[in-house]
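Trainee: Could we go through this one together? I'd like to learn how the labels get decided.
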Amino acid sequence: MASPFLATAALDMAALADLDRRHLVHPHQRSDRTDRAVIVRGQGCAVWDADGAEYLDATGGANWLCQVGHGRAELAEAAAEQLRQLPYFTSFDVFSNDKSIRLATRLAGLAPAGLGQVFFTCGGSEGVDTAIKAARLYHHRRGESERTWILARRFGYHGATYGSGTATGFDGMQHAVGPNLPHVHKLTPPFPYHSEWFEGRGCTDFLIDELAAAIEQIGAHNIAAMIGEPVMAGGGVVPPPDDYWPRVRALLRHNGILLIADEVVTAFGRTGAWFDSPGRGMDPDMIVTAKGLTSGYAPLGAVLFNEDIAAAVTDDGFFHGYTYFGHPTACAIALANLDLIENEGLLDRSRQIGAWLREGLTAAESLPVVGDIRMAGATIGVELVADRATREPIMAGPAATEIRKAHGVIVRDYGNTVVIAPPLVMDEQQAARTVEAMTSVLTRLHPDGT
Ligand code: PLP
């Protein structure tokens, strides 16, 4: 038999799936999922598997990105041109490159006022680690070395490295791989639907008291920063109450604690704006981004620092950085991607897509298995429950699989929430097809999840 590596065109789905099972260790691999969907091509919101079957991608590469849609020639050309000119050069020490300088300048212009200093990474996890290190170093350089604690939230997702993974609020991420990063404290998330978590009190009132108690217990002088997503994504698409971030911000500022906005999912149009944090009154000291920065066409992240933090960490040298910092080809792709988002009005389009989807899902609101439907721009979460009174969860995996297999629509499951987060080029017909597939499967879903 010819080597599969020389004859890739001849490999069908079954053969690829077989090789995949033998040789690939998947992220978040679950032993109960042995089937494979091998995607080989994409255009707009459509993707095709190795057998030629077409799917509607309603989750932007199944990872909340791909804002500009698949198969954009503009990005392929930007990459090709840069690869011919200068594929890579380091940014360590005195070296730099024109594309990373242009991209940093562009990001500084788009970012909330004051967050104009950029540190590049290969993705979100590295960005979160960078922000945590920068927060600790900032305090150290200002003579407060004991400020090492990081406040985070249960059900917040921040990545998979030891730093970002410890800040993540899913216990499974830390299980049996410890010791994890010390000095991380988890708070209750702002999740109004789960009023049972707030002991009969208002969600924000409860959370502010809890935060104040944590600061008291750990000691403000020991705390470096709090990290949070403006809207929790992997936790189930959870926009907080309007007063949550302004009140958290005020309390942190009063105690000299920095605020890190994890906008890895929310930035670059996902929720209808370049950045989500300003609209929520978050006013962070640092913003971590990745995903939509290149629409997934290259691995790239960017951490935005305010001037004080940038000055403090570089003051006596910032001995931190990645080989692929400011990768010229990734930065060239990002620049072309930001042009497309701007020129094609994808921030407005994001809000329009969200409105189509949300309106289409109105009928699903009354289904017995639908507990709550939440949205932020083009991102929708449908929380599944076995019982609307007790809010007992139904795991969303089987429903998401059925939506893909029976209707050819790719959505993702996060715990008991089905998530839609499409490319920001989705049209009205594709939104309607997504809603139809969801509603049809959820209508037939039994409270036991089958
Ligand atoms: N932060 C958030 C909010 C995320 O959703 C993710 C990934 O999904 C990350 C950080 C980690 O990013 P990456 O997977 O690029 O390391």
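Trainee: Is the crossing of α11 and α13 left-handed or right-handed?

Mentor: The crossing of α11 and α13 is right-handed. Keep in mind that this is a predicted model.

Trainee: How do you know that it counts as right-handed?

Mentor: A crossing gets that name if the near helix is turned clockwise from the far one by less than a right angle. For helix α11 (residues 346–360) and helix α13 (residues 428–444), the axes cross at roughly 35° and come within 9 Å. The crossing is classed as right-handed.

Trainee: Which residues make the contact of α11 with α13?

Mentor: From α11 there are I353, W356, L357 and G360, and from α13 there are E428, A431, A432, T434 and V435. They split into six nonpolar, two polar and one charged.

Trainee: Why are α7 and α8 called roughly parallel?

Mentor: Set the angle against the cut-off. The axes of helix α7 (residues 203–218) and helix α8 (residues 244–254) cross at roughly 20°, and angles under 35 degrees count as roughly parallel. Therefore α7 and α8 are roughly parallel to each other. Their axes come within 10 Å, and this crossing is right-handed.

Trainee: What makes the contact between α7 and α8?

Mentor: On the α7 side, T204, L207, I208, L211 and A212; on the α8 side, Y244, R247, V248 and L251. Sorted by kind, the residues of this contact are seven nonpolar, one polar and one charged.

Trainee: What makes α5 roughly perpendicular to α9?

Mentor: Try the reasoning again. The axes of α5 and helix α9 (residues 307–315) cross at roughly 75°, and the range for roughly perpendicular is 65 to 115 degrees. So α5 is roughly perpendicular to α9. The axes come within 8 Å. The contact takes A134, L137, Y138 and R141 from α5, plus I309, A312, V313 and D315 from α9. That gives six nonpolar, no polar and two charged.

Trainee: On to sheets. Why are β4 and β6 said to stand at the edges?

Mentor: The open sheet of seven strands runs β4-β10-β9-β8-β7-β5-β6, with mixed pairing. β4 (117–121) and β6 (184–187) each have a single partner strand, so one side of each has no neighbour in the sheet. From one strand to the next, the twist averages 20°.

Trainee: How do you know that β9 and β10 pair?

Mentor: Count the bridges. Pairing needs at least two bridges, and four join strand β9 (residues 286–289) to strand β10 (residues 301–305). The two run antiparallel, and I287 stands opposite L304 in β10.

Trainee: Which helix packs on the sheet, touching β4 and β10?

Mentor: Helix α4 (residues 98–110), and its direction makes about 125° with that of β4. α7 packs on the sheet too, touching β5 (149–153), β6 and β7 (223–228), with its direction at about 160° to that of β6.

Trainee: What is the strand order in the open sheet of four strands?

Mentor: The order is β1-β2-β3-β14, with mixed pairing. β1 (39–43) and β14 (409–410) are the edge strands, each pairing on one side only. Inside that order, strand β2 (residues 46–49) and strand β3 (residues 54–57) are antiparallel over three bridges, which passes the cut-off of at least two bridges. A46 stands opposite L56 in β3.

Trainee: How many residues surround the ligand, and which are the closest?

Mentor: There are 14, and the closest are G123, G124, S125, G159 and V264. Helix α5 (residues 124–141) gives the most to that shell, with three residues. By kind, the shell divides into six nonpolar, six polar and two charged.

Trainee: Why is the peptide bond from G178 to P179 called cis?

Mentor: Look at omega: for that bond it is near 0°, and the bond is cis. P179 lies in the loop between α6 (162–167) and β6.

Trainee: And what makes W64 worth pointing out?

Mentor: W64 has a positive phi of about 60° although it is not a glycine. Most residues other than glycine have a negative phi, and most peptide bonds are trans. You'll find W64 in helix α2 (residues 60–64).

Definitions and conventions
Residues numbered from 1 in each chain as written. Predicted model: local features only at pLDDT ≥ 70, side-chain atom pairs only at ≥ 80, totals over all residues. Axes fitted to C-alpha atoms, helices over the stretch in contact; angles between N-to-C directions. Contact = placed C-beta atoms within 7 Å. Nonpolar A, V, L, I, M, F, W, Y, C, P; charged D, E, K, R; others polar. Near = placed C-beta within 6 Å. Parallel < 35°, antiparallel > 145°, perpendicular 65-115°, else oblique.
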